[in-house]
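Student: I have a model open and would like to know how its descriptions are justified. Can we go through them one at a time?

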Amino acid sequence: PNQNITNVHVAVMLGRALKLDVSNPPDPGYKDVPKNHYAYKEIAAAAEAGIFPKGHYFYPSKPSTRQSMARAIVVGFNLSGDRNVSFLDVPSSNEYKDYISTLASNEITTGYTDGTFKPKNELPGM
């Protein structure tokens with residue numbers, strides 16, 4: 001509980017919350033997630049659902065960031081936003097800007113009192 005939330009934690013949590021089918025998901029092709037990884041099926045199902053982008057590496061032990069969690073939640077729960085919410089530290093060039101705005105539009109986050117979102121901050125455990 002005192003460790004940062006990692007990518008594998010996000011895959012498992014969202015997989016369970018969304019009740020993703022983990023019985024036989026297609027191989028996501030991540031070079032760093034062998035089929036004998038304890039959360040292989042959850043990671044593969046999350047990748048198949050689009051929660052994580054396709055690529056060569058998943059980085060299962062890497063701490064997840066606020067911006068990557070925004071993407072995972074928006075994609076996983078198929079959220080859309082009805083207003084544009086911006087933050088001082090999320091420029092239009094940030095590839096996660098729309099996900100962050102959608103999360104804020106749905107009042108899932110409000111950011112910080114100073115008008116920032118701190119997109120690259122790691123997610124602390126509880």
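Tutor: Start with a helix pair in this predicted model. Helix α1 (residues 7-17) packs with helix α2 (residues 40-48) at an angle of about 75 degrees, and their axes are 9 Å apart.

Student: Why is α1 called roughly perpendicular to α2?

Tutor: The label roughly perpendicular covers angles of 65 to 115 degrees. The angle here is about 75 degrees, so α1 counts as roughly perpendicular to α2.

Student: Which residues make the contact?

Tutor: From α1 they are V8, A11 and V12, and from α2 they are E42, I43 and A46. By class, five of the contact residues are nonpolar, none is polar and one is charged.

Student: What do the buried residues of α1 pack against?

Tutor: They pack against α2 and α3. The buried residues in α1 are N7, V8, V10, A11, V12, L14 and G15. Just after α1, K19 has a positive phi of about 55 degrees.

Student: How do you know whether N7 is buried or exposed?

Tutor: Buried means under 20% relative accessible area. N7 has 9% relative accessibility, so N7 counts as buried.

Student: What is N7, a residue of helix α1, in contact with beyond its neighbours within four places in sequence?

Tutor: Those contacts are F52, F58, Y59, P60, K62 and S64.

Student: Where else does N7 appear?

Tutor: In the lining of the largest pocket, which has a volume of about 380 Å³. Of the 21 lining residues, N7, P53, F58, S68 and Y96 are the closest to the pocket's centre.

Student: Which helix gives the largest share of that lining?

Tutor: Helix α3 (residues 66-76), with four residues.

Student: What is the lining of the largest pocket by class?

Tutor: It has 10 nonpolar, seven polar and four charged residues.

Student: What makes helix α4 (residues 97-105) mostly covered?

Tutor: The cut-off for buried is under 20% relative accessible area. Seven of the nine residues of α4 are buried, and on that count α4 is mostly covered. The seven are K97, I100, S101, T102, L103, A104 and S105.

Student: Which helix do the buried residues of α4 pack against?

Tutor: They pack against α3. Just after α4, E107 takes a positive phi of about 60 degrees.

Notes. Residues numbered from 1 in each chain as written. Predicted model: local features only at pLDDT ≥ 70, side-chain atom pairs only at ≥ 80, totals over all residues. Heavy atoms only, no water. Axes fitted to C-alpha atoms, helices over the stretch in contact; angles between N-to-C directions. Helix = DSSP H or I, 4+ residues; strand = E, 2+ residues; numbered from the N terminus. Parallel < 35°, antiparallel > 145°, perpendicular 65-115°, else oblique. Contact = heavy atoms within 4.5 Å. Nonpolar A, V, L, I, M, F, W, Y, C, P; charged D, E, K, R; others polar. Buried < 20%, exposed > 50% of the residue type's maximum accessible area, 1.4 Å probe, protein only. 1 Å grid on protein atoms, 1.4 Å probe; cavity = no way out; pocket = protein on both sides within 12 Å on 5 of 7 lines; lining within 4 Å. Points joined across faces, edges and corners; volume = space filled by probe spheres on them.
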